[in-house]
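Hi everyone, thanks for coming. I'd like to walk you through a structure today, so please have a look at the screen.

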Amino acid sequence: MLLGFVLAFCISDSNAFAEEREVSEEQLNNFILSTGAPNELLERWDYDQKLDLYLKSTDSSIIFDTTEITGFTEDPISGELIDDSNVIMPRATIPSKQLQVSHDVWTLIDSDKTKYKSVYANYSWNYTKKGGTKGDKIAIAVPSGWSIKANSYKCKEFISGLPSAGYKEKGSCNGKPYDLDFFGAVWSLTQSDYVWHKGWVSFDMKRTSTNAQLKVLSKYIEVTGSSTSWSIGWGPMSVSISGNKSNNQVAWDTAFTY
């Protein structure tokens, strides 16, 4: 009965939202494919993220650059998150607690021919996460020779009682980054529901040096010990995030073109 209620709620909420859409998802999908993006991205991105990119096309031309997906599994003994590519084990023994993260990068060229890179970092948990993601941190760090565009910082958090019925937008990391620096931004997640969680963060950046490295790095920090204070340090394409109690940390980096 409870599952039926959750499913009905998710579907009715999704349908109600669909009626309010000014741009159809089909239009957004066609737009994204026209930039050169792969089909798999249409399945991985929700409507809101597609719309965010689409709205940037009102004053910029947009060209797809690159995408990269990384998975992490939780070690059943230590509880640490481990990059799937470094784990060799029978498929049946892979733990159910898994985090998928990704980077998607686009080139934006505005009306005065200024070129930006639009960077999106996504996270998606594939199980109902007890305690939710509240207090978890996600960061994007950039190398020297890049300047982050003012007011381009975004964060969206989504939850679902049943992923096959769709996700509902639930938060925006309190509407602003938790910490800002010339080399990037950290956002603090806010959702405590015992359900499925996913979301994304992004910003746009402009190259200020022809010697700038063409790469971004992101980190996801899973709170496991109820940290109440955090220390954050920055450097070129580097961010250190540590709480006063235990946590899991994973990092992934992606090269792009210019």
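I'll start with confidence, then go through the strands, the disulfide, the rings and a few single residues.

So, first things first: this is a predicted model. The mean pLDDT of the protein is 86, and 85% of its residues reach 70 or more. There are two stretches to treat with care. Over residues 1–19 the pLDDT is below 50, although the model does give this stretch 13 contacts beyond near neighbours in sequence. Residues 86–96 also stay under 50, with 10 contacts beyond four places in sequence. Where pLDDT is low, the predicted coordinates should not be read in detail. Please keep that in mind when you look at those contacts.

Now to the strands. Strand S1 covers residues 60–74, and strand S3 covers residues 98–110. These two run antiparallel and are joined by 13 bridges. If you want a place to find the pairing on screen, look for Ser60, which stands opposite Asp110 in S3. S1 has another partner here, strand S2, residues 81–83, and that antiparallel pairing has 3 bridges. There, Thr73 stands opposite Ile82 in S2.

Next, a helix. How many of the 10 residues of helix H4, residues 47–56, are buried? The count is 7, so H4 is largely enclosed by the rest of the structure. Charged residues are on that list too: the buried set is Tyr47, Asp48, Gln49, Lys50, Asp52, Leu53 and Lys56.

On to the cysteines, which I know some of you will ask about. A search of the whole structure finds 1 disulfide. Cys155 and Cys173 form it, with their sulfur atoms 2.0 Å apart. The bond links distant parts of the chain: Cys155 is in strand S7, residues 154–160, while Cys173 is in the loop between strands S8 and S9, and the two are 18 residues apart. Are these cysteines buried or exposed? Cys155 is buried, at a relative accessible area of 6%, and Cys173 is buried as well, at 2%.

In that loop between S8 and S9 you will also find Asn174. Asn174 has a positive phi, near 65 degrees, and is a residue other than glycine. At 63% relative accessibility, Asn174 counts as exposed. Met237 also has a positive phi without being a glycine, about 45 degrees. Met237 lies in the loop between strands S13 and S14, and at 16% relative accessibility it counts as buried, because the cut-off for buried is under 20%.

Cys155 also leads us to Val201, since Val201 touches it. Val201 sits in strand S11, residues 196–207, and is buried, with a relative accessible area of 0%. Beyond residues up to four places away in sequence, the contacts of Val201 include Val119, Tyr120, Ala121, Ile138, Ile140, Lys154 and Trp187. Val201 and Ser172 are 29 residues apart in sequence, and their C-alpha atoms are 9.1 Å apart.

Now my favourite part, the rings. The structure holds 13 aromatic pairs. One of them is Tyr123 with Tyr220, a tilted pair at 5.4 Å centre to centre and 50 degrees between the planes. Tyr123 is in strand S4 and Tyr220 in strand S12, so this pair ties together parts that are 97 residues apart in sequence. Tyr123 counts as buried at 2% relative accessibility, and Tyr220 counts as buried at 0%.

Another pair is Trp146 with Phe256. Their ring centres are 5.6 Å apart and their planes are at 70 degrees, so the pair is edge-to-face. Trp146 lies in strand S6 and Phe256 in the segment after strand S15, so here the parts tied together are 110 residues apart in sequence. Both are buried, Trp146 at 7% and Phe256 at 6%.

There is also a cluster, in which ring pairs link Trp45, Phe64, Trp106, Tyr120 and Trp200. You have met Tyr120 already, among the contacts of Val201.

Last stop, two lysines over rings. The charged end of Lys149 sits over the ring of Tyr116, 4.9 Å from its centre. Lys198 does likewise with Tyr167, its charged end 4.3 Å from the ring centre.

That's my tour, and I'm happy to take questions.

Key
Residues numbered from 1 in each chain as written. Predicted model: local features only at pLDDT ≥ 70, side-chain atom pairs only at ≥ 80, totals over all residues. Heavy atoms only, no water. Helix = DSSP H or I, 4+ residues; strand = E, 2+ residues; numbered from the N terminus. Buried < 20%, exposed > 50% of the residue type's maximum accessible area, 1.4 Å probe, protein only. Contact = heavy atoms within 4.5 Å. Pairing = 2+ DSSP bridges. Disulfide = S-S within 2.5 Å. Phe/Tyr/Trp six-rings, centres within 6.5 Å; stacked < 30°, edge-to-face > 60°. Lys NZ or Arg CZ within 6 Å of the ring centre and 35° of its normal. pLDDT = per-residue confidence, 0-100.
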